[in-house]
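Here's a walk through a two-chain model, starting with a hairpin and ending with a few odd backbone angles. Keep the structure open while you read.

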Amino acid sequence: MRFYQTSFIMCLGLAGVLITGCSSTPKPNPQALPLAQAEPAPPQNPAITAKALNEESKSIAVTDIYFKKEGKNLSYIEETRRQSQSSSGPVISSVITPKVMEVDADKADASAITGGPNSSAFPVKFTNLADPKSTDPSTSASTPVVGSEAPESTSSSNHIQTMKKSGYEAKNEYGELRYLANPIRGLLIKSGYKVVQARPSVSTPTQGDEYFDIVRRIKAGDFGEANYVLYGVLAEVSLTDNIYDIPGTSSSTQQVALDVVVDFNVIDTNTSQIVASFIGSGVGNEVKIDGKDNGFKHSMAKLMKLASISLAEDVQKQLAGQNFITAHPGSGPVEGRNFKRRLEDDTSTLKVYGK
Amino acid sequence: MTMTLNHQKMNVLALLITSLSLAACSSGPQVRYGDSKAVETVNADYGSTDLQMIAEAMTRSLLQSKAISASKDAPIVTLAEVKNKTAEYIDTRVITDKIRTQLVKSGQVRFAVSVTEMPNQVEELKRQNQSGLYKNSTISKTGNMQGAQYRIEGSIASIVKNTKDVKDVFYVFNLNLINNESGLIEWADEKEIRKTATR
């Protein structure tokens, strides 16, 4: 009985301790609080100032703008195979008439396959000749036409087989545009960087996408001792020619615009880390009032210059946004004409009318 | 004797008529300058006092609007159409031009050329850029015109009631400041005028 009483009291005590433990709030750990409250700051490049650049003597190489032009050779082959039976056995002679036409990849896809303008020249569906499936007899676009010149009942028979084969051959061209990057180099010099001349990159006839392997070029020493490489690949270039009416007038404007879009990366040559990445765009415009009436012809040189300057301005803005350069290096004074001119109200010019 | 007397009378009459005619010719209409801001109450039709009242009320209200007064830089505004919805002929352009003049003089607003001024603007740019006559560094180049941030547009309407002896005219002039990019009406105000003419 005493044992039961002791056990009961011990159980009560244990329960009391447990309840107290549960209800009590844990004491705050003064060292743990800041860790819990502090949110990790997003990783950001340390701002690079012109002064720091001069002190640290940072250098950068700017590649010319890479491009890849995709083209397709459309091929259309007509093969006429004649088989004649002679005393010495069957004689086969064939005449092959190939036709090759080089067009842009997108035009080939858009026109030839879907029945566009090229379809009249090549009235068949185009397939990739490099693709084994498309050249497979069962799936190819070949159109065999078999005819016979002589009746089958004759002893010497002639068989004519006409085969039409068609397809495209992908052809890529790689290179560098030499005239777009100089304004960018200029702005980097203004920012305080030492700009290093890069060795040009020459593509081979059998070049593939490894042409864009910038790390390989860095390791090959194409950029000397540069700390960074600004590397751009042309994403799109377009030339548009539009005519717009000017409302309220009988005039119109003819506007020719060259738009350039380039994908940029800045790479740290020591770590191969991308320290800035963005898409830059530039536009060069030439506008003529009533140009359509005067047979206006645009100047491509002028458009290229304006587009490259515009691209450099955008690159500068994007690099500053990612703390790679100081904002507006070497820019002129802010336009001071739009400051508000607040005058005291001249009461003599205002007349108050009572209702 | 009688004939001589008649002749004398006729001569006197002719002289009188001539002198009267000369006197009539020499006196023209009387011209005098008046106060351009004096209240005009010739009749109940739209008049110069209405124009001044509307322009001044609208200018004062517009300058106090948040869009103008809270703007750091002087915003660029252009004039759009003020529709005349009354039965009278009212040149609404005069009203907006007067408002524009007062706003420009305040220095708190800048104006871009409106549609009505565009032909001259285009001709000038064409002359400078495409005639080949001007020094390149001095040319005002095509493509650098500044777009207006806001446009001002509105309407004027009237309600007219007539009896035999009374003519009552109620004008309401409405003006809006519209943000061209967002399409938001940033400010709007109206001016009401009642005129009653009795015989």
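## A hairpin to begin with

L177(B) sits opposite W187(B), a residue of β5(B). Strands here, like helices, are DSSP runs numbered from the N terminus (E, at least two residues, for strands; H or I, at least four, for helices). The model is a predicted one: local features need pLDDT of at least 70 and side-chain atom pairs count only at pLDDT 80 or more, while totals for chains, interfaces and linings use all residues. Residues are numbered from 1 along each chain as its sequence is written, with chains lettered from A and ligands numbered from 1 in the order in which they are written.

Back to that pair. Strand β4 (residues 166-179) of chain B runs antiparallel to β5 (residues 185-198) of chain B, and 13 bridges join them. Strands count as paired if DSSP finds at least two bridges between them. Five residues lie between the strands of this hairpin, and G183(B) takes a positive phi near 80°.

On to β3 (residues 150-162) of chain B, which is joined to β4(B) by 13 bridges, again with antiparallel strands. Across that pairing, G154(B) faces L175(B) of β4(B).

## The chain B sheet and its helices

Zoom out and chain B has five helices and five strands, strung along the sequence as α-α-α-β-α-β-α-β-β-β. The five strands make an open sheet with mixed pairing, ordered β2-β1-β3-β4-β5 (chain B). β2 (110-111) and β5 of chain B are at the edges with a single partner strand each, so one side of each has no neighbour in the sheet.

Helix α2 (residues 48-64) of chain B packs on the sheet, where it touches β4 and β5 of chain B, and its direction makes about 155° with that of β5(B). Contact means C-beta atoms, placed from the backbone, within 7 Å of each other. Angles run from 0 to 180 degrees between N-to-C directions, and the axes are lines fitted to C-alpha atoms, for helices over the stretch in contact.

Helix α4 (residues 92-106) of chain B lies across β1 (76-84), β2 and β3 of chain B, at about 155° to β1(B). Its length checks out: at 1.5 Å a residue, the 15 residues of α4(B) should span 21 Å, and the end C-alpha atoms are 22 Å apart, which agrees. That expected span is 1.5 Å times one less than the number of residues.

Which residues of α4(B) are buried? They are I95(B), T96(B), I99(B), R100(B), L103(B) and S106(B). Buried means 20 or more other C-beta atoms within 10 Å of a residue's own, exposed means 12 or fewer, and partly exposed is in between, with C-beta atoms placed from the backbone. Seen down the axis of α4(B), its buried residues fall within an arc of 130°, so they line one face of the helix. The arc is taken from the directions from the helix axis to the C-beta atoms. What these buried residues of α4(B) pack against is α2, β1, β2 and β3 of chain B. After α4(B) comes G107(B), with a positive phi near 80°.

For chain B as a whole, buried residues make up 19% of its 199 residues. Among contacts with a separation of 6 or more, 66% join residues 24 or more positions apart.

## Two nonpolar cores

The largest nonpolar core has 35 residues, and those with the most contacts inside it are I60(A), V62(A), I184(A), V229(A) and L230(A). Such a core is a set of buried Ala, Val, Leu, Ile, Met, Phe, Trp, Tyr and Cys residues joined through C-beta atoms within 7 Å. β8(A) gives the largest share of this core, seven residues. Beyond its neighbours within four places in sequence, I184(A) is in contact with V62(A), L230(A), A312(A) and V315(A). Another core lies apart from it, with 24 residues that include L62(B), V82(B), L103(B) and V109(B).

## Odd angles around α9 of chain A

Most residues other than glycine have a negative phi. Two exceptions turn up here.

| Residue | Phi | Place |
|---|---|---|
| D290(A) | about 55° | loop between β9 (274-289) and α9 of chain A |
| N323(A) | near 60° | segment after α9 of chain A |

D290(A) counts as partly exposed because it has 18 C-beta neighbours inside 10 Å; N323(A), with 16 other C-beta atoms within 10 Å, is partly exposed too.

Definitions and conventions. Contact = placed C-beta atoms within 7 Å.
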